[in-house]
Every structure is written in structure tokens, then in C-alpha cells.
Amino acid sequence: MREPWVVGVSGASGTPYAAAVIGGLLDAGEPVDLIVSRAARLTVLDETGRPFRDGHWAEDLAAWLDRDLTAADVRHWPAGDLAAGPSSGSYRVRGMAVVPASTAACAGVAIGLSKDLLQRAAEVNLKERRPVVMVPRETPVTRSHLEHLLALHDAGAVVLPASPGFYGAGAAASAQQLVDFVAGKVLDALGVPHTLFRRWSGQLGAARS
């Protein structure tokens with residue numbers, strides 16, 4: 001039986017993180033169910049110059065990821081489809097990552113708003129006690145933002161801010177290396193193997209030698 005990972009992309013800046021996580025899951029041979037919020041479509045267009053359309057999602061996703069998806073196991077669900085598979089706990093999935101997670105998405109999931117399919121799917125995975133990783137990127141944060149993140153933590157989610165480490169590549173790290181570090185930490189939290197970054201070895205500078 002197919003048991004995909006659900007990837008939700010919300011409207012916060014940070015679409016390269018989403019692309020890296022999706023690519024990492026596909027590289028690991030994992031099936032992916034994708035939900036892109038309406039706000040995220042604007043962010044994808046702004047940050048990549050490419051549209052993301054329901055009717056042309058396969059070609060738009062291939063262009064966004066810059067990879068051939070012919071053999072990839074990817075399914076797309078429109079964010080407005082509250083009758084979609086991921087809206088129900090009986091729809092089998094392995095878990096979910098929301099990357100990037102806007103403060104609005106975090107708040108909606110934390111209080112059970114179910115504003116759209118992304119929020120509903122995250123709530124379903126929490127209630128089913130499946131892995132849920134929320135990747136907030138916005139900064140600075142207010143007290144209400146922190147309260148919502150704490151509520152998500154208490155509900156069982158992993159709150160994983162988009163905070164890249166530099167020990168793998170050093171101060172001269174490229175933007176892609178920093179993106180891959182965060183994406184790799186997301187995959188670690190999901191238990192999916194990857195080679196997106198070099199791990200700490202216990203020796204200063206060892207990863208860069």
C-alpha cells in the first residue's frame with residue numbers, strides 16, 4: 001500500500017527549503033503528496049519566477065525542482081480541496097512536513113482552524129500521532145508566535161526553525177549548502193536517509209578538510 005510523506009508549502013518566504021525537502025524525499029525513493037497553499041503560489045512565483053497551477057502542476061513542479069519527474073511518485077492535492085485524501089485520518093501517510101511554515105499556518109494548525117487542506121492535513125497527522133515537522137522561517141517572532149509554536153510542540157510536532165548550521169561548509173557556504181542543511185535536518189526528523197550535508201564528526205573543521 002502506498003504511504004507517502006505529505007509536504008505542505010505555505011506562504012512564508014523559503015521555497016528553496018521546500019524544493020530541497022521534496023527533492024530529498026524523491027532521491028530516497030519516497031512517495032510524496034504535495035499541498036501548496038494559495039499564498040505559497042505567490043511566493044513560488046516571486047522567488048523562482050515560475051507559476052504553480054493546479055491544472056499544470058506536474059510540469060510546473062518539474063520546472064520548479066529542475067528535475068525529470070517522469071518516474072517520480074508524486075501526487076498533488078489542491079489546497080482548497082477539503083475532501084482530498086490527506087484530510088482524513090484513514091488516508092494512509094507516513095507523516096508530514098510543512099516547509100516553510102508561515103506564522104499564519106503555524107497558528108492555524110495550533111488552534112485547529114482547518115482553513116485549508118494544508119492546515120487540515122497537519123492537524124490530522126497530529127491527531128493520528130504521525131510525525132509532523134513544522135519549519136517556521138519568519139523572524140523576529142512575537143509572543144503569540146511563540147505560544148503557537150509551543151502548542152505545536154505540546155501536540156507532538158517537531159518545531160524545526162529554518163536555522164542553517166555552518167560547521168559543514170564554513171563561513172563560505174553557498175546559499176544552496178545552507179538550504180540543504182535545513183532540508184537535511186527536516187529529513188532527519190522524518191527518519192529519511194539523505195546526503196544533503198556533512199555531519200559533525202567531533203573534530204573542528206574536519207568536515208571541510
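# Reading the labels in a predicted model

Modeller: Arginine 129 lies in the loop between α5 and β5. The model is a predicted one.

Biologist: Why is arginine 129 called exposed?

Modeller: The relative accessible area of arginine 129 is 67%. Exposed means over 50%, so arginine 129 with its 67% earns the word. Its phi is also positive, about 60 degrees, although arginine 129 is not a glycine.

Biologist: Which word fits serine 114, buried, partly exposed or exposed?

Modeller: Serine 114 has 23% relative accessibility. Buried needs a value under 20% and exposed a value over 50%, so serine 114 counts as partly exposed. Serine 114 sits in the loop between α4 (103-110) and α5 (117-127), and has a positive phi of about 50 degrees without being a glycine.

Biologist: What is the phi of glycine 112?

Modeller: Glycine 112 follows α4 and has a positive phi, near 70 degrees. Within α4, the buried residues are Ala105, Cys106, Ala107, Gly108 and Val109. These buried residues pack against β4, α5, β5 and α6.

Biologist: How do you know that valine 9 is buried?

Modeller: The relative accessible area of valine 9 is 0%. The limit for buried is under 20%, so valine 9 is buried. Valine 9 belongs to strand β1 (residues 5-9).

Biologist: What does valine 9 touch, leaving out residues up to four places away in sequence?

Modeller: Its contacts include Ala18, Leu34, Trp64, Val99, Pro100 and Leu118. Contact means heavy atoms within 4.5 Å. A C-alpha to C-alpha distance is another kind of value: valine 9 and alanine 19, ten residues apart in sequence, are 9.4 Å apart in space by that count.

Biologist: What makes β1 mostly covered?

Modeller: Five of the five residues of β1 are buried. On one side these are Trp5, Val7 and Val9, and on the other Val6 and Gly8, so both faces are covered, with buried meaning under 20% relative accessible area.

Biologist: How do you know that β1 and β2 pair?

Modeller: Five bridges link β1 with strand β2 (residues 32-36), in the parallel sense. Pairing needs at least two bridges, so the five bridges satisfy it. One of the partnerships sets valine 6 against aspartate 33 in β2. Between the two strands the chain passes through helix α1 (residues 15-27), and this β-α-β crossover is right-handed.

Biologist: How many bridges join β1 to β4?

Modeller: Four bridges join these parallel strands. At least two are needed for a pair, so β1 and β4 pair as well. Glycine 8 stands opposite valine 98 in β4. Strand β4 (residues 95-101) also holds proline 100.

Biologist: What is the omega of the bond from valine 99 to proline 100?

Modeller: Omega is near -10 degrees, and this peptide bond is cis. A cis peptide bond also joins threonine 139 and proline 140, with omega about -5 degrees. Proline 140 is placed in the loop between β5 (132-136) and α6 (143-155).

Biologist: Why is leucine 204 called exposed?

Modeller: Its relative accessible area is 81%. The limit for exposed is over 50%, so leucine 204 is exposed. Leucine 204 lies in the segment after α7 (175-190). Together with Tyr167 and Trp200, Leu204 makes a nonpolar surface patch of about 390 Å².

Methods
Residues are numbered from 1 along each chain as its sequence is written. This is a predicted model: local features need pLDDT of at least 70, side-chain atom pairs count only at pLDDT 80 or more; totals for chains, interfaces and linings use all residues. Side-chain values use heavy atoms; hydrogens and water are left out. Buried means under 20% relative accessible area, exposed over 50%, partly exposed in between (1.4 Å probe, protein chains only). Patches are made of residues with over 30% relative accessible area and no salt bridge: like charges are joined within 9 Å, nonpolar side chains (Val, Leu, Ile, Met, Phe, Trp, Tyr) within 5 Å. Accessible areas come from the Shrake-Rupley method with a 1.4 Å probe; for residues, only the protein chains shown count as cover. A salt bridge is a side-chain nitrogen of Lys or Arg within 4 Å of a carboxyl oxygen of Asp or Glu. A crossover is right-handed if, with the strands pointing away from the viewer, the path from the first strand over the helix to the second runs clockwise.
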